[in-house]
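Here is a friendly walk through one protein chain, written to be read alongside its sequence and its 3D structure. Keep both open as you go.

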Amino acid sequence: MIAMLLIIIALSACNVEHHTPDAQPQTSELNTKTSVGNIQKTSQTEQSTQEQMEEMRRQNQQLQQRSRFTSGGVVMILGIVGLLIFISTNNRWRHTLEVKNRQLERERNVVVAQNKQLSIERDRAEAASKAKTAFLQSMTHEIRTPLNAINGFTQILTMPGMDLTEKDRLDYSARIQENTRQLTNILDDLILISHMEGDTEMPPAEECMPLLTMAGAIEAVAPRVNPGVKVDSQCNIPAEERVMCHPRLVGIVIAKLLDNAVKFTKQGSIMLSLDHEGDTLHFAVTDTGCGIPADKSELIFERFAKLDSFSQGAGLGLSIARMVAQHLGGTLTLDTTYTKGAKFDLVIPYIPKA
């Protein structure tokens, strides 16, 4: 705009200088007025130009302000978008890391569990190996002892020229029979253990009279009772009552308990009792023998466990009795509150005859 204004002023000046030599004296006043008018117009034009320039400056400042505002907004928006992208990416990586950590933790737990299981299996294998060794040692001794006795007394009875009295012959025969019975019991115990561990299915229950089962067990141990020891029974249910059970297995448990009582009762009495308690049958074998310490109440049920290492037997009787009791769905425990000897409680389900 300034350049245009200067050009207009220059052209006006040229026009004035060009016409002045030819002007007449009478037109000088008119030219003067015209110059004054042109100057006024030029001044107005300059003022208008300045106003336009000021307006343009204000507009330019507004545009700059808007541009700065717009640029700041764009930068802010881009920053927010970048922050959101960073947060989203960070959360994604954090989630992935947590998933990986959980997976590693599960794998670690699996490895730890496998190591524990391997340790348990190793301990079981070692225990089984020790049990096998103890079994072989105990069985070798327990089987050889009655065999040696049978062999020795048989040789005496059959040796030519032996002058034996009738009393000696009867005594030797009784010893042979007793050792034969012991050997048979050991073999029966081994067969029973093998059967119980290999076959967990129970045969069908059959009808029986508990009183007859008790009487049969007492009759079987009567010959081995020490002199002066009284063996009695007490049945607190009707004598003629019949129930559904497994009489052979129940008889095995009672026989083992009575054998144990006979072995350790040198004087006093042995009592076999039966009670009906709710939905269970409760057999109890009580003796006045040496008793069993309360802290050994579970040890005695382990295989080959013998509180007296010099006592006769392989240490399988009570272990087999508990195994059979559990096979029947019942329990066999030592009553630690009884202090006059030993008391064993056999509890099995009561199934009345249909």
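## Cysteines, helices and the core

C235 is partly exposed, with a relative accessible area of 24%; partly exposed means between the cut-offs for buried (under 20% relative accessible area) and exposed (over 50%), using a 1.4 Å probe and protein chains only. A second cysteine, C245, counts as buried at 11% relative accessibility.

A word on the source: this is a predicted model, in which local features need pLDDT of at least 70 and side-chain atom pairs count only at pLDDT 80 or more, while totals for chains, interfaces and linings use all residues. Residues are numbered from 1 along each chain as its sequence is written, and side-chain values use heavy atoms, with hydrogens and water left out.

How many disulfides does the rule give? The count comes to 0 disulfides, a disulfide being a pair of cysteine sulfur atoms within 2.5 Å.

C235 lies in strand β2. Not counting residues up to four places away in sequence, C235 touches L211, M214 and L274, where contact means heavy atoms within 4.5 Å. C235 also sits 9.4 Å from H276, C-alpha to C-alpha, although the two are 41 residues apart in sequence.

**The chain as a whole**

The secondary structure comes to 6 helices and 7 strands. Helices (H or I, at least four residues) and strands (E, at least two) are DSSP runs, numbered from the N terminus. Read from that end, the elements run α-α-α-β-α-β-β-α-β-β-α-β-β. Of the 354 residues in the chain, 26% are buried. Among contacts between residues at least 6 apart in sequence, 69% join residues at least 24 apart.

**Two helices compared with their expected span**

The expected span of a helix is 1.5 Å times one less than its number of residues. The table sets out two helices on that basis.

| Helix | Residues | Number of residues | Distance between end C-alpha atoms | Expected span |
|---|---|---|---|---|
| α4 | 210-221 | 12 residues | 17 Å | 16 Å |
| α5 | 247-264 | 18 residues | 26 Å | 26 Å |

Which residues of α4 are buried? They are P210, T213, M214, A217, I218 and V221. Seen down the axis of α4, these buried residues fall within an arc of 130°, so they line one face of the helix; the arc is that of the directions from the helix axis to the C-beta atoms. On the other side of α4, L212 and E219 are exposed. The buried residues of α4 pack against β1 (206-208), β2 (229-235), β3 (243-245), α5, β4 (268-277) and β5.

In α5, the buried residues include L249, V250, I252, V253, I254, L257 and L258, along with K256 and N260.

**The nonpolar cores**

In soluble globular proteins, nonpolar side chains tend to be buried together. A nonpolar core is here a set of buried Ala, Val, Leu, Ile, Met, Phe, Trp, Tyr and Cys residues joined through side-chain atoms within 4.5 Å. The largest such core has 45 residues, of which L258, F283, V324, L332 and F344 touch the most other members. Helix α5 gives the most to this core, with 9 residues. Leaving aside neighbours within four places in sequence, L258 is in contact with A217, I218, V221, I270, L272 and V285. A second, separate core of 6 residues includes A149, I150, F153 and I176.

**Helix α6 and M323**

Helix α6 (residues 317-327) contains M323 and is mostly covered, with 9 of its 11 residues buried. Those residues are L318, S319, I320, A321, R322, M323, V324, A325 and H327. M323 itself has a relative accessible area of 19% and is buried. Leaving aside neighbours within four places in sequence, M323 is in contact with M196, E197 and R303. The C-alpha atoms of M323 and L192 are separated by 9.9 Å, with their positions 131 residues apart along the chain. Just after α6, G329 takes a positive phi of about 85°.

**Paired strands**

Two strands pair if DSSP finds at least two bridges between them. Strands β5 (residues 280-287) and β7 (residues 342-349) run antiparallel and are joined by 8 bridges. In β7, K343 is the bridge partner of T286. Strand β6 (residues 331-334) is also antiparallel to β7, with 4 bridges joining them. Here T333 stands opposite D345 in β7.
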